[in-house]
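Subject: Structure for you to look at, with notes

Dear colleague,

I am handing over a structure with this email, and I would be glad if you opened it before reading further. My notes follow below, arranged so that you can find each residue as you go.

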Amino acid sequence: MLQAEIKGLRKSFDKQVILKNVGLQIDRGEVVCIIGPSGSGKTTFLRCLNLLEQPDAGSYSIGDFQYDLAHIGKTQRLEIARKTAMVFQSYELFSHMNVLQNVAEGLRVPRRFPKKLAEKAALAALEKVGLADKASMYPVQLSGGQQQRVGIARAMALTPELLLFDEPTSALDPELVGEVLKVMKQLADSGQTMIIVTHEMQFAQEVADKVIFMADGVVVEAGTPEDIFEYPQEERTQQFLTQVRFQTAV
């Protein structure tokens with residue numbers, strides 16, 4: 001069953017065109033990984049999907065709801081915010097709040113959960129990422145990997161229809177990457193619908209149902225992990241993967 005569909009998404013900053021008629025379909029429970037060079041528009045695309053950036057044009061459907069992204073009102077913004085959640089590159093945790101408060105905050109303020117109910121849901125989410133014992137600690141007391149797992153728990157607690165990840169391991173030391181990818185794999189196995197911008201090619205091969213290669217603000221190629229990584233059709237995709245493999249080998 002179709003979970004979300006984006007058509008004709010366009011976004012410019014000043015006179016620089018970042019996204020050029022980008023489209024995507026994702027089924028319920030599907031994991032889509034987006035790969036591509038820096039500056040290709042991947043992060044901007046994600047930020048448009050939860051309206052952290054206002055698109056210039058495009059249509060967007062989530063479940064039974066459809067939106068014209070160029071004409072979004074306050075009510076529609078709230079609807080999209082309740083259907084999506086995002087995990088950021090740099091954690092984006094509140095330094096003055098402990099771990100439990102960080103996770104519960106998204107339930108208490110936008111969703112208006114009572115404090116005790118929000119904290120109960122937050123603790124359950126922390127349990128799933130293996131951090132329930134860190135609930136009273138503050139972000140500065142955690143490793144980068146633990147902070148990112150708190151960020152994932154915060155997003156999970158919102159029970160979104162669509163969970164967005166923006167290169168969630170890019171700010172981590174190499175030895176901490178595995179613990180975050182393990183949690184993401186568990187989410188994928190649970191049937192959570194996810195769009196993941198990532199530079200972890202092996203992870204994309206293992207977890208994705210669909211891989212999208214973006215460059216210069218367009219979707220160059222899309223297919224199964226085997227299609228993209230083993231039998232890419234487009235020269236631009238081939239060039240990117242050759243470069244990635246060379247850098248990995250070095």
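Let me begin with a single residue, Gln25, which, once neighbours within four places in sequence are left aside, is in contact with Leu2, Ala4, Glu5, Glu30 and Lys210. Please keep in mind throughout that this is a predicted model. Gln25 lies in strand β2, and with a relative accessible area of 41% it is partly exposed. One of its contacts, Leu2, is 23 residues away along the chain, yet the C-alpha atoms of Gln25 and Leu2 are separated by 7.4 Å.

Strand β2, which covers residues 16–27, also holds Asn21, and two further residues of this strand are worth your attention. Leu19 lies in strand β2 as well, but its relative accessible area is 0%, so Leu19 is buried. What does Leu19 touch, if residues up to four places away in sequence are not counted? The list is made up of Leu9, Arg10, Lys11, Gly41, Thr44, Phe45, Cys48, Met214 and Gly217. For Gly41, which is 22 residues from Leu19 along the chain, the separation of the C-alpha atoms is 6.1 Å. Asn21, by contrast, has a relative accessibility of 51% and therefore counts as exposed, given that the cut-off for this word is over 50%. The phi angle of Asn21 is near 55°, which is a positive value in a residue other than glycine.

A positive phi also turns up at Asp216, where the value is near 55° and the residue is again not a glycine. Asp216 is found in the loop between β9 and β10, the latter being residues 218–223, and at 54% relative accessibility Asp216 counts as exposed.

Now to the chain taken as a whole. Its secondary structure comes to nine helices and ten strands, and its C-alpha atoms fill a box of roughly 55 × 45 × 35 Å along the principal axes. Why can the radius of gyration be said to agree with that of a compact globule? A compact globule of 250 residues would have a radius of gyration near 18 Å, and the protein chain has 18 Å, which is why the two agree. Of the 250 residues, 51% count as buried. If you consider the contacts with a separation of 6 or more, 64% of them are accounted for by residues 24 or more positions apart.

The surface and the charges can be summarised briefly. The accessible surface of the protein chain comes to about 12,400 Å², and 48% of this belongs to carbon and sulfur atoms. There are 27 positive and 31 negative charges, and the mean positions of these two groups are 9 Å apart.

I then turned to the aromatic rings, where a search of the whole structure finds two pairs. In one of them, the rings of Tyr60 and Tyr67 have their centres 6.5 Å apart and their planes at 55°, so this pair is tilted. Both Tyr60 and Tyr67 are buried. The rings of Phe213 and Phe240 have their centres 5.1 Å apart and their planes at 40°, so this pair is tilted too. Because Phe213 lies in strand β9 (residues 210–215) and Phe240 in helix α9 (residues 235–249), the pair ties together parts that are 27 residues apart in sequence. Phe213 and Phe240 are both buried.

Finally, here are two charged residues that sit in helices. Is Lys83, which has 11% relative accessibility, buried or exposed? Since buried means under 20%, Lys83 counts as buried. Lys83 lies in helix α2, residues 74–83, and apart from its neighbours within four places in sequence, Lys83 is in contact with Ile62, Phe65, Tyr67, Pro160, Glu161 and Leu162. Glu119 is found in helix α4, residues 115–128, and its relative accessibility of 26% means that Glu119 counts as partly exposed. Not counting residues up to four places away in sequence, Glu119 touches Leu100 and Ala104. The C-alpha atoms of Glu119 and Val103 are separated by 8.0 Å, although these residues are 16 apart along the chain.

With best wishes

Key. Residues numbered from 1 in each chain as written. Predicted model: local features only at pLDDT ≥ 70, side-chain atom pairs only at ≥ 80, totals over all residues. Heavy atoms only, no water. Helix = DSSP H or I, 4+ residues; strand = E, 2+ residues; numbered from the N terminus. Rg over C-alpha atoms; globule rule 2.2 N^0.38 Å. Buried < 20%, exposed > 50% of the residue type's maximum accessible area, 1.4 Å probe, protein only. Contact = heavy atoms within 4.5 Å. Areas by Shrake-Rupley, 256 points an atom, 1.4 Å probe, with all protein chains shown as cover. Lys, Arg positive; Asp, Glu negative; His and termini not counted. Charge placed at Lys NZ, Arg CZ, Asp CG, Glu CD. Phe/Tyr/Trp six-rings, centres within 6.5 Å; stacked < 30°, edge-to-face > 60°.
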